[in-house]
Amino acid sequence: QVQLVESGGGLVQAGGSLRLSCAASERTDGRYAMGWFRQAPGHEREFVTSITENGEATFHADSVRGRFTISTDNAKNMVYLQMSSLKPEDTAVYYCAARPTGTTEYRYWGQGTQVTVSS
């Protein structure tokens, strides 16, 4: 099973940018769809963005479309989340997740990284 480790979280002012990284223990291209989710205090975990196994399509929540971008570096087994124009409501713990090809659920999760956006 793939293991995922997120990094890059921190404190940023509103309007700023931040890039999160997710290191996978094995190659993900062709094997897993990769996604980013987030959970704010008192809220359920929500979908942020994802990329298909072949990297040809991405999907975004309406709340982040145009501001967040998911990408992969297959040579390094890395997944990134570039976040710009950050808002205080983006404050949450961000999780990287992997969905095995042919399945419908994200089965593997990282430990999360905290992002705090100050107003």
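How many aromatic pairs does a search of the whole structure find? The search finds 5 aromatic pairs. Here are some notes to help you find your way around; please keep in mind that this is a predicted model.

1. **A first aromatic pair.** A good place to start is Y32 and Y108, whose ring centres are 6.1 Å apart. Their planes meet at 85°, so this pair is edge-to-face. Y32 belongs to strand β4 (residues 32-39) and Y108 to strand β10 (residues 108-109), so the pair ties together parts that are 76 residues apart in sequence. If you colour the model by accessibility, look for both Y32 and Y108 among the buried residues.

2. **A second aromatic pair.** Next, turn to F37 and F47: with ring centres 5.7 Å apart and planes at 75°, the pair is edge-to-face. This pair also links distant parts of the chain, since F37 sits in strand β4 and F47 in strand β5 (residues 46-51), 10 residues apart.

3. **Buried or partly exposed?** How do F37 and F47 stand in terms of burial? F37 has a relative accessibility of 11%, under the 20% cut-off, and so counts as buried. F47, at 30% relative accessibility, counts as partly exposed.

4. **The aromatic cluster.** Which residues join F37 and F47 in one aromatic cluster? The other members are Y106 and W109. It is worth displaying these four side chains together, F37, F47, Y106 and W109.

5. **The overall build.** Stepping back, the chain has 11 strands and 0 helices, so reading from the N terminus you meet one β element after another, β-β-β-β-β-β-β-β-β-β-β. The radius of gyration is 13 Å, close to the 14 Å that the globule rule gives for 119 residues, so the chain is as compact as a globular protein of that length. Along the principal axes, the C-alpha atoms fill a box of roughly 40 × 25 × 25 Å.

6. **Inside and surface.** Of the 119 residues, 46% count as buried. The chain exposes about 6200 Å², and 45% of that comes from carbon and sulfur atoms. As for charge, there are 11 positive and 12 negative charges, and their mean positions lie 3 Å apart.

7. **Contacts along the chain.** Among contacts with a separation of 6 or more, residues 24 or more positions apart account for 55%.

8. **The loop between β8 and β9.** This loop, between β8 (78-83) and β9 (92-100), holds K87, and S85 lies there as well. K87 counts as partly exposed, at 34% relative accessibility. Which residues does K87 touch, leaving aside neighbours within four places in sequence? K87 is in contact with R67 and V117. The C-alpha atoms of K87 and V64 are separated by 10.0 Å, the two residues being 23 residues apart along the chain.

9. **Two backbone angles to look at.** S85 is not a glycine, yet has a positive phi of about 50°. S85 is partly exposed, with a relative accessible area of 41%. N77 is also a residue other than glycine with a positive phi, in this case near 55°. You will find N77 in the loop between β7 (68-73) and β8.

Key. Residues are numbered from 1 along each chain as its sequence is written. This is a predicted model: local features need pLDDT of at least 70, side-chain atom pairs count only at pLDDT 80 or more; totals for chains, interfaces and linings use all residues. Side-chain values use heavy atoms; hydrogens and water are left out. Helices (H or I, at least four residues) and strands (E, at least two) are DSSP runs, numbered from the N terminus. The radius of gyration is taken over C-alpha atoms; the globule rule is 2.2 Å times the number of residues to the power 0.38. Buried means under 20% relative accessible area, exposed over 50%, partly exposed in between (1.4 Å probe, protein chains only). Contact means heavy atoms within 4.5 Å. Accessible areas come from the Shrake-Rupley method with a 1.4 Å probe; for residues, only the protein chains shown count as cover. Lys and Arg count as positive and Asp and Glu as negative; His and the chain ends are not counted. The place of a charge is taken as NZ of Lys, CZ of Arg, CG of Asp or CD of Glu. Rings of Phe, Tyr and Trp (its six-membered ring) pair if their centres lie within 6.5 Å; planes under 30 degrees apart count as stacked, over 60 as edge-to-face and the rest as tilted.
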